[in-house]
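Please open the structure in your viewer and keep the selection tool at hand. This tour goes from one stop to the next, saying what to select and what is found there.

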Amino acid sequence: MFRLPFLSRRSRRRRVDQYDPALHFRERYARFKSLLESNSELLTLIADIEEKLHGGTALTMSYVREQSSRAMFHAARMVDAIIDLSGGRHARLREDLERIRAQVREVVERPPDLPACGFVMPHSDIAMDMAPFVGGKNAHLGEMCRAGVSVPPGFAVTTAGYIHFVEHGRILDEIRKALRGADASDAASLARVSEEVQRLFLSAQVPPDLAQAIMAAHDDMCRAAGVGALPLAMRSSAIGEDGELSFAGQYLTMLNVPRERVLRTYAMILASLFTPRAIAYRLHMGIPSENAAMSVACLGMVEAVASGVMYSRSPVNSADDRVLVNAVWGLGPYAVDGVVTPDAYVLSRDEPPQLQERRVAVQAVRLEGSGEGAVREVPVPEALAAEPCLSEAQAVELAACGLRLERHFGVAQDMEWACDAAGKLYILQSRPLHACAEPVQADAMAVPGAEVLLEGGDTACPGVGSGAVHIIRCDADIENFSEGAVLVIEHSSPGYVVVLPRTAAVIAAAGSVTGHMASLVREFGVPAVFGVADAMSLEEGRIVTVDASRRRIYAGEVQELSRECAPSRPTFSATPVHRALDALARHIIPLGLTDPKSPDFAPGNCRTVHDIMRMCHEFSYREMFSISDVAAQAGGVAVGLDAPLPLDLHIIDLGGGLEPSCHGKRRVVPHDVTSKPFAALLAGMLHDKVQRRGPVPVSLGGFFSVMGQRMMEPPEVGRERFGDRSYAIVSDRYLNFSSRVGYHYSVLDAWCGDVLNENYINFEFKGGAADDIRRIRRVRAIARILEELGFRVRTRSDRVVARYRKYSHDDTRERLDQLGRLLIFTRQMDMLMSGEQSVTYAVESFLAGRYDWEPSSDESPASPRQ
């Protein structure tokens with residue numbers, strides 16, 4: 001008599017005398033297969049998350065949510081399958097799963113904190129701790145008022161206004177949906193997503209109560225300034241901007257905005273959250289676009305005669321702590337956007353500062369406000385074009401303000417300023433300075449023998465980069481930008497952020513080291529030199545080496561400088577999205593339940609998805625193997641394999657794994673196997689040279705090691721390891737192989753079909769008969785062999801885990817053949833691993849196809865048998 005296995009509801013309705021064990025086993029296998037499929041999916045998911053956690057890839061919160069959803073789906077599928085397979089014995093796993101699901105939901109579904117403030121706030125009422133509600137720019141403006149520097153009158157429209165805007169227009173879900181198509185490496189996709197999202201903003205109306213609050217704040221500002229109508233400079237102040245990350249130039253600034261255009265301009269600035277370059281920047285920096293929120297800084301417009309940028313210490317040379325001031329005629333955008341080359345003033349940190357250097361640039365054009373509430377480019381009067389924009393006294397006054405703000409904030413500052421017609425200086429913006437950590441060695445000699453194509457300009461970010469020249473003259477040139485190319489441009493611009501992560505170096509004919517793009521290249525760590533005469537004359541596609549530290553461009557790849565080349569991709573491991581992924585990973589990846597014999601290895605003790613996977617997988621083999629024995633007795637579901645192999649191998653055919661003529665047989669031979677992966681594995685195990693190896697030669701040292709090891713183990717260990725059946729669960733394309741050969745065991749899971757992306761081999765090997773040292777030597781030999789065969793390998797103690805994925809059908813079969821040979825080659829090989837040289841010799845022998853080897857003595861490495 002045999003005990004009837006657990007039946008499904010449909011099966012229970014059948015009469016016992018109608019029970020078909022073969023059919024029942026196939027039904028069970030369908031559940032087992034779904035469990036294995038989800039286990040493989042989860043292994044792939046875990047590997048992907050682990051790779052992303054290294055911080056080398058730009059991610060979105062959509063990725064985090066999708067991975068969490070996939071993890072919970074497959075974990076639930078495995079739990080349902082094992083509960084069904086076991087007749088409900090493991091139902092408590094559902095409690096574990098629901099507890100983990102709640103923890104995951106807390107990570108991925110936590111709503112952003114709603115700002116506890118009104119729609120508008122005057123800058124005089126804002127402090128730095130209000131940055132979550134007003135953004136970095138507004139928070140700094142409020143602190144600048146407290147520091148006693150001259151700031152234009154103004155107010156902030158808070159993030160409460162942004163949230164009210166998107167909720168009133170019911171566009172938040174549409175924004176999230178559109179952002180799923182954003183790919184940081186695809187400029188065309190960024191443009192499509194940007195156009196779709198910005199259309200949502202520009203077609204929506206500002207809610208009436210928000211509009212009323214903005215206009216009332218504008219009227220109050222004008223009354224306080226004693227004027228009837230004061231145009232505004234409206235600037236983005238997004239959450240996270242001007243903080244740890246600069247977001248330099250990524251969002252919109254609108255100047256000279258009249259009262260009647262304030263609301264329309266407000267909507268445009270909100271929409272600038274989703275320009276292509278802003279989306280790309282957040283993707284590269286790991287900022288969730290779905291959770292982005294925009295505050296807007298509204299400042300009284302300064303009709304600037306001159307304006308520019310100031311750094312409280314050098315942004316490109318850590319050895320230089322002097323104050324740097326750049327100045328252009330007219331409004332500031334031409335300084336920060338690199339349209340014209342600015343005047344440069346270098347001042348000491350004395351009290352008061354002393355002017356030490358001054359370089360005056362010839363400026364042909366300037367930007368000024370127009371009477372129509374806009375800005376326009378006009379020629380600089382000839383009498384002013386070559387004149388300094390600032391007097392010495394004004395440069396000193398600015399430097400003193402910069403040092404005061406550095407002391408107030410406690411870190412070096414990057415500031416924007418303006419000077420009106422009366423000579424009054426205003427600080428328009430201040431943020432932490434993103435400076436380079438390494439000193440610049442600008443006076444170093446050129447590399448002997450190397451051809452210098454161009455030199456000069458200013459270092460925006462030191463370092464060395466080499467690649468093919470890619471000149472950008474239009475938008476299409478951006479879309480065609482190649483990985484690892486050298487970006488060559490006429491003017492520096494923050495719009496090039498979309499390609500910076502793929503850029504080896506940057507050369508700009510015009511631009512300032514105090515501009516927005518200069519901040520970005522330093523954030524991304526891309527070597528860059530600006531103001532290089534004749535930069536656009538470089539030959540498209542030519543390989544060059546850019547030594548930005550010493551401001552030289554060489555022909556070809558200069559080997560002497562190659563050691564200074566560094567990858568330009570930033571590390572994302574500290575970004576908000578990666579922090580969310582890290583929090584999610586803590587509920588998915590850790591494996592605490594490693595020992596199936598431990599009393600803790602039971603439902604109720606799973607803390608992570610990996611624990612659930614491990615338990616379900618372990619239980620599934622027990623359930624499948626136990627029912628296979630019963631089914632074999634009842635109807636021959638499991639059949640024995642007659643082959644000259646050192647294991648008791650039984651095959652369970654799920655369909656297409658054996659010749660149709662084998663139906664009803666109790667024993668089969670290798671020629672009956674039609675499963676592609678199993679046939680390949682058998683071919684290796686039965687390879688002539690491997691079979692001719694014969695019994696493992698006796699090594700006295702290895703023999704005594706085995707005997708000593710066995711004497712230290714309880715009696716039942718040997719019985720567990722010797723005499724166990726090995727199983728091959730097969731279909732036409734699938735193989736799950738669990739074998740015990742001597743004192744070691746291996747598990748192999750493989751799919752071998754025509755779809756390259758579906759093919760994989762997962763292999764694990766553990767154990768041995770000898771002492772720990774010899775077993776570990778064997779594992780190291782196996783690991784090295786597998787690495788040479790193209791597997792990704794991990795080892796721990798006497799266990800090796802190997803993966804081979806997404807290769808062709810032929811490549812996968814060839815690796816399975818090699819694994820078959822390896823399983824036979826390494827049986828009891830631990831007894832032969834008498835010295836470190838044995839590891840190298842074993843590897844070399846196997847890879848050369850020499851499978852017949854033995855030790856020359858107990859204390860010497862193995863040598864070939866003559």
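## First stop: a buried serine

Begin by selecting Ser549, which counts as buried because its relative accessible area is 9%, under the 20% that marks the limit for that word. As you look at it, bear in mind that this is a predicted model. Ser549 sits in a loop, with strand E20 (543-547) on one side and strand E21 (552-555) on the other. Now add Gly463 to the selection, and you can follow the side chain of Ser549 to the backbone nitrogen of Gly463, at 2.8 Å.

## The whole chain

Next, select the whole protein chain and show it as a cartoon, in which 26 helices and 32 strands can be traced. Of its 866 residues, 55% are buried, and the accessible surface comes to about 36900 Å², with 50% of that belonging to carbon and sulfur atoms. If you consider the contacts with a separation of 6 or more, 66% of them are made by residues 24 or more positions apart.

## The largest nonpolar core

In soluble globular proteins, nonpolar side chains tend to be buried together. To see the largest nonpolar core here, which has 80 residues, select those with the most contacts inside it, namely Tyr162, Phe165, Phe201, Tyr266 and Val506. The largest share of this core, seven residues, is supplied by helix H9 (residues 208-225). Then centre the view on Phe165, whose contacts beyond its neighbours within four places in sequence include Phe201, Leu210, Tyr266 and Leu270. A second, separate core has 51 residues, among them Leu97, Leu581, Cys606 and Tyr760.

## Along helix H9

Select H9 itself, a helix of 18 residues that reaches 26 Å from its first C-alpha to its last, close to the 26 Å expected at 1.5 Å a residue. Its buried residues are Leu210, Ala211, Ile214, Met215, Ala217, His218, Met221 and Cys222. Turn the view so that you look down the axis of H9, and you will see these buried residues fall within an arc of 155 degrees, so they line one face of the helix. On the other side of H9, colour Pro208, Gln212, Arg223 and Ala224, which are exposed.

What do the buried residues of H9 pack against? Their partners include helix H6 (159-168), helix H10 (262-271), strand E3 (232-238) and strand E5 (294-300). Just after H9 comes Gly226, whose phi is positive, near 75 degrees.

## Into strand E5

From H9, move to strand E5 and select Val296, which is found there. Is Val296 buried or exposed? Val296 counts as buried, since its relative accessibility is 0%. Add Asn138 to the view: Val296 and Asn138 are 158 residues apart in sequence, yet their C-alpha atoms are 7.7 Å apart in space. Val296 is also in contact with several other residues beyond its neighbours within four places in sequence, including Phe155, Met234, Tyr266 and Leu270.

## Last stop: a buried threonine

Finally, select Thr608, which lies in the loop between helix H18 (576-585) and helix H19 (609-635). With a relative accessible area of 5%, Thr608 is buried. A polar atom of the Thr608 side chain lies 2.6 Å from the backbone oxygen of Pro590. To complete the view, show Ile100, Arg586, His587 and Ile588, which are also among the contacts of Thr608 when its neighbours within four places in sequence are left aside.

Methods
Residues numbered from 1 in each chain as written. Predicted model: local features only at pLDDT ≥ 70, side-chain atom pairs only at ≥ 80, totals over all residues. Heavy atoms only, no water. Helix = DSSP H or I, 4+ residues; strand = E, 2+ residues; numbered from the N terminus. Buried < 20%, exposed > 50% of the residue type's maximum accessible area, 1.4 Å probe, protein only. Contact = heavy atoms within 4.5 Å. Areas by Shrake-Rupley, 256 points an atom, 1.4 Å probe, with all protein chains shown as cover. Core = buried A, V, L, I, M, F, W, Y, C linked by side-chain atoms within 4.5 Å. Expected span 1.5 Å × (residues − 1). Arc of directions from axis to C-beta. Polar contact = N/O pair within 3.5 Å; in protein donor to acceptor, adjacent residues only side chain to side chain.
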